[in-house]
Structure formats: C-alpha cells, structure tokens
Amino acid sequence: MKMSLLKEVPVDAFPQDFAWGAATAAYQIEGCWDTDGKGPSIWDTFCHAKGRVFEDQTGDVACNSYQLWEEDLKCILQLGLTHYRLSLSWSRLLPDGTTNYINPKGVTYYNKVINDLIANAVMPMVTLNHFDLPQALENRGGWKSPEIADVFDSYARFCFKTFGDRVKLWITVNEPYVCAKHGYEDGLFAPGLREPGTSVYLVGHNMLRAHARAWHSYNAHFRHLQGGKVSIALNSDWAEPLDPSSPEDVAATQRYMDFILGWFACPVFCTGDYPETMRTRIEARNLELGFSEGPRLPKFSEDEPNPLGTADFFALNYYTSRKVKDTSSHPSELSFKGDQGAEGVMDPSWPICGLSWLAVVPERLRKLLNYIKETYNNPDIYITENGFSQIGPVELEDAERCQFYQDTLQEVSEAIRDDGVSVKGYFAWTLMDNFEWAEGFRARFGLFHVDFSTAELKRTVYRSGTEYAAVISRHRTHIKLEKT
C-alpha cells in the first residue's frame, strides 16, 4: 500500500464550500478543429503556419475532447472535483466571431458538457476566451481593433443568455498579459506579431474594455435572473528584489509587479486606471526615445463603461516566482521590457520542473495571496490555474508533482487560516496532459496522462491525481463530521 504524500494537508483550514477544481481550455483539449461547422481560430492559423510550435505540433486533434467528452467526465468524477473550469471555443459557437451566424452543433456540445457536469454535482466555471480568438476577427484587426470590445460584448451576451441559467462562475478573458505580450510583443503565441512597445498596450487596453463591457452587460441584464459571478483571470509571478538592500532593485520589483499584475488588476480592483508607475515610466521613455506618435498606454474614455469594480472575485493563475534587478538605466530600444526597466531572474536554489522558466516556488504563493489581499481590497480569490510540468519519459508515479501539490495546498491553507486571505477555490492545471501552446505536447501538466501515440487517446491517472482526489475526499469527510 502506497503512503499518501498529501496526508499532511490540513483540510480543516478550507471552508466548507471550498471549490476543488481542475482547469482546461478549448484549443488545448477539444481537437476537431474544422468539424461540425467550427470556424478557424488564430491558434489554428498560427500552428498551421509551421515553425511556431515544438515539432510543428498542432491542436487539430489534441485530446479529442469534442468527441471524447464522456472520457473527460470520467476523469472529473474519479477525482471527485466539485468544480471544473473549461473554456468555450468562440469560433465553434460563432464561426465568424459574430452573432450573425450561430453554430447549433457548437451550442449542443457545450450544453451537453454543462448539463453532464451539473447532473454529477460539478459546478462549471466557464471562460469565454482562452487565447483562441476567431481568425475572422483577427482579419478585421483582432484585439488591436477598437471594435473588438463591442463584438466581444455581443459574444458574451450570447453565452450568458444561452448557458447562464446553469453557469454561475464566468471568466471573460484568460491571462490578458500573456495574450498581449506573447502574441503582440514577442510573437511567441498567436497571432505571432512582433510590434515592440506599441501593440502590447493597445491589445491589453482593448481586452480590458471588452471585459468591462461584458461585466456591465451581465450586471445589467442577467445577474438578477441568473445570480452568477463574473471575473477576469490574471496571471502573476511573485517578485522579490534580487538585492533587498538596493533601493533600485526594490523599486524595480514594484515596477515588475505593476507591469504584470497591476496592469490589469489596478483598473479593475483599485483606481479604474493603470498603475501610476506604468504611466510615468512609459511617458518618460517616450521623451527619452523621441517617440511622438501619441500615448502608447491608452486612456480609458469617460464615454465607455469603466473597468473599476468589474470583477466579482479575483481569479489568479500562479506558476512561478522571480528575483528582480533594476535595469531602468540600461539603454534599450522601444519595448515592453525597456519600459518595465526590471529583469526577473531565478534563484539558483529553486528547482525547475520541466520547462526552463518554471521554477517551483510554492511558498511564494502565500506571499502573493497576501499581496493581493492587501493591495486589491481583500477580494474573494479563486486560484484558477496552478500546476507542475513533466518533460521527458512519462512518470505515472510522479512523486515530485505530488510533493508540489502538498506544498502548495499547505501554503493555501495557511493563507486562509493564519492570514485571513479569502481563498474560495483551487483549480489544478490541468485535468489531463494536453497541447501546451508553443511547447506542443512535450510539456505535461495533467492529473491524468493522455497517450497521444494512439487514436484512443487513453487517459490514465497519475499518482498526483490519486493524491489530489484523496485530499478532496478527506475534506468532504471533514465537512460531514462537522455537521454531525
């Protein structure tokens, strides 16, 4: 009999209604990229262009969840999840991105997924856009176009109307930082544009405009009937100064946080505008570089819905941490990195899990949770993504990942019990191995292994999945005992 590595997690620290979940995203699992009337997304185009993704792999088939949903549901039930986070493929529902044509087979598929979850007492958390913008909208300017906010609002209203009688937790946009920076600054993600120091801010701005419109639409037209909650999923590292005694590194660390998390959290949770450090730094750089084509960091119009207050909870995706050193005096060309004037580096003592950027630092999650509590007015927090990757030979006995989950859940429990942070749920990334964007299938984050070498795409539970299920089971038992 194997000893549980997660037995030390103090389940009594978690609230009775704590959300135990796992997360996925449509492009990463569904496959069937051109089946049953689905339109192409920017990730279809990006992958098919070749040379963008590890070994030119694509999400054309992925886990084939469009046809194998029942297998996914078995995995969800085997874990005993109370919640499941999924995203809708915008172009599967609306092939050209607009409500001019609604694909009935896409609606049928998501209705089945949502209904099956609810029939099994699993609450869906639904993301409207997880990177995969319809290509038809990209052809019209995509996230760079001011029109996109209205188009997204129409899509959101359609989803609220179609699925909102059953879906009570919504995410509008997943990781706008990643989409804007990797998609429009670095060119590493779809649509693969490299327009340093300009488009990144415009795209981020339009995503916030789109989110704010959708939240206000829900608030005005659906909340009183459906009683759900809406937020935006923000990713963030935890950052600490490389040299705590250096005032420059201390200031750079705050800039680092402001340019990653504050960029989106400050308008939504604090002031209705971007962090002052961003505006000051970018304007100073405009003068320094002789940039005279107008403000690069847009202003929010008084004629549009304000982003302030447009989140009913804080949705956090956390993976890693950095030590930060000041680079503000380094000469550089127009770029986001130059504007930030801060470089994040890894402490050599931190272990790496698979991917070179993914330092394993669970203890910093507690610090980040406290930072959010103190900086953003003590919101309810759902950890909507957090995970550990595996590269190389498949290890179903994934002891290191088991230890990661034990350490992470320990930190979350202490943040709740000792620090008074209002953490309402935890979603492991991810339910099963899938298409990990530019890394293709080489990085595996799943609680279930997927055998991509066969057409059956068999799902097999990792030990970490079994251990996670045991924690959830123990929490349920604890609740029952409390009630007796």
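These are my notebook entries on what I looked up in this structure, which is a predicted model.

**Entry 1: the helix pair H7 and H9**

I began with helix H7 (residues 148-163) and helix H9 (residues 199-221), whose axes come within 8 Å and cross at roughly 35 degrees. I noted the hand of this crossing of H7 and H9 as right-handed. On the H7 side I listed Ile-148, Ala-149, Asp-150, Phe-152, Asp-153, Ala-156, Arg-157 and Phe-160 as the residues that make the contact, and on the H9 side Asn-206, Arg-209, Ala-210, Arg-213, Ala-214, Ser-217, Tyr-218 and His-221. When I sorted the residues of this contact by character, they divided into eight nonpolar, three polar and five charged.

**Entry 2: the sheet E6-E8-E9 and the helices on it**

Next I looked up an open sheet of three strands, which stand in the order E6-E8-E9 with mixed pairing. Strand E6 (238-241) and strand E9 (342-345) are at its edges and have a single partner strand each, so one side of each lacks a neighbour in the sheet. For the twist I recorded that neighbouring strands of this sheet are turned by 40 degrees against each other on average, with direction ignored.

I then followed one pairing in detail: E6 and strand E8 (residues 321-326) are joined in the parallel sense over four bridges, and Ala-239 has Arg-322 as its bridge partner in E8. Helix H11 (residues 247-270) packs on the sheet and touches E6, E8 and E9, with a direction that makes about 125 degrees with that of E8. Helix H14 (residues 363-375) also packs on the sheet, where it touches E6 and E8, and its direction makes about 95 degrees with that of E6.

**Entry 3: strand E10 and its partners**

How many of the residues of E10 are buried? I found five of its five residues buried, and I put the strand down as mostly covered. Strand E7 (residues 314-317) runs parallel to E10 and is joined to E10 by four bridges; in that pairing, Phe-314 has Ile-381 of E10 as its bridge partner. E10 is also joined to strand E11 (residues 423-429), again in parallel, by three bridges, and here the bridge partner of Ile-383 is Tyr-426 in E11.

**Entry 4: helix H8**

I turned to helix H8 (residues 176-185), where nine of the ten residues are buried, so the helix is largely enclosed by the rest of the structure. I wrote down the buried residues of H8 as Pro-176, Tyr-177, Val-178, Cys-179, Ala-180, Lys-181, Gly-183, Tyr-184 and Glu-185. For what encloses them, I found that these buried residues pack against helix H6 (135-138), strand E4 (169-174), H9, strand E5 (229-235), H11 and helix H13 (336-340). After H8 comes Gly-187, for which I noted a positive phi, near 75 degrees.

**Entry 5: the cysteines**

I searched for disulfides and found zero in the structure. Why is there no bond from Cys-159 to its closest cysteine sulfur? The closest cysteine sulfur is that of Cys-179, and at 17 Å from the sulfur of Cys-159 it is too far for a bond. I also recorded Cys-159 as buried, because its relative accessible area is 0%.

For Cys-270, the closest cysteine sulfur is in Cys-266, at 4.5 Å, and I counted this too as too far for a bond, because a disulfide needs the two sulfur atoms within 2.5 Å. Cys-270 is partly exposed, at 31% relative accessibility.

**Entry 6: two loop residues**

Is Asp-96 close to or far from Ala-136, 40 residues apart along the chain? I found Asp-96 in the loop between helix H4 (90-93) and helix H5 (104-119), and its C-alpha atom is separated from that of Ala-136 by 5.2 Å. With neighbours within four places in sequence left aside, Asp-96 is in contact with Ala-136 and Leu-137. I noted Asp-96 as partly exposed, with a relative accessible area of 30%.

The other loop residue I looked up was Gly-392, between strand E10 (381-385) and helix H15 (399-417). Gly-392 is partly exposed as well, at a relative accessible area of 38%. Between the C-alpha atoms of Gly-392 and Ile-372, which are 20 residues apart along the chain, I noted a separation of 35 Å.

Note on methods. Residues are numbered from 1 along each chain as its sequence is written. This is a predicted model: local features need pLDDT of at least 70, side-chain atom pairs count only at pLDDT 80 or more; totals for chains, interfaces and linings use all residues. Side-chain values use heavy atoms; hydrogens and water are left out. Axes are lines fitted to C-alpha atoms, for helices over the stretch in contact, and angles run from 0 to 180 degrees between N-to-C directions. A crossing is left-handed if the near helix is turned anticlockwise from the far one by less than a right angle, and right-handed if clockwise. Contact means heavy atoms within 4.5 Å. Ala, Val, Leu, Ile, Met, Phe, Trp, Tyr, Cys and Pro count as nonpolar, Asp, Glu, Lys and Arg as charged, and the others, Gly among them, as polar. Two strands pair if DSSP finds at least two bridges between them. Buried means under 20% relative accessible area, exposed over 50%, partly exposed in between (1.4 Å probe, protein chains only).
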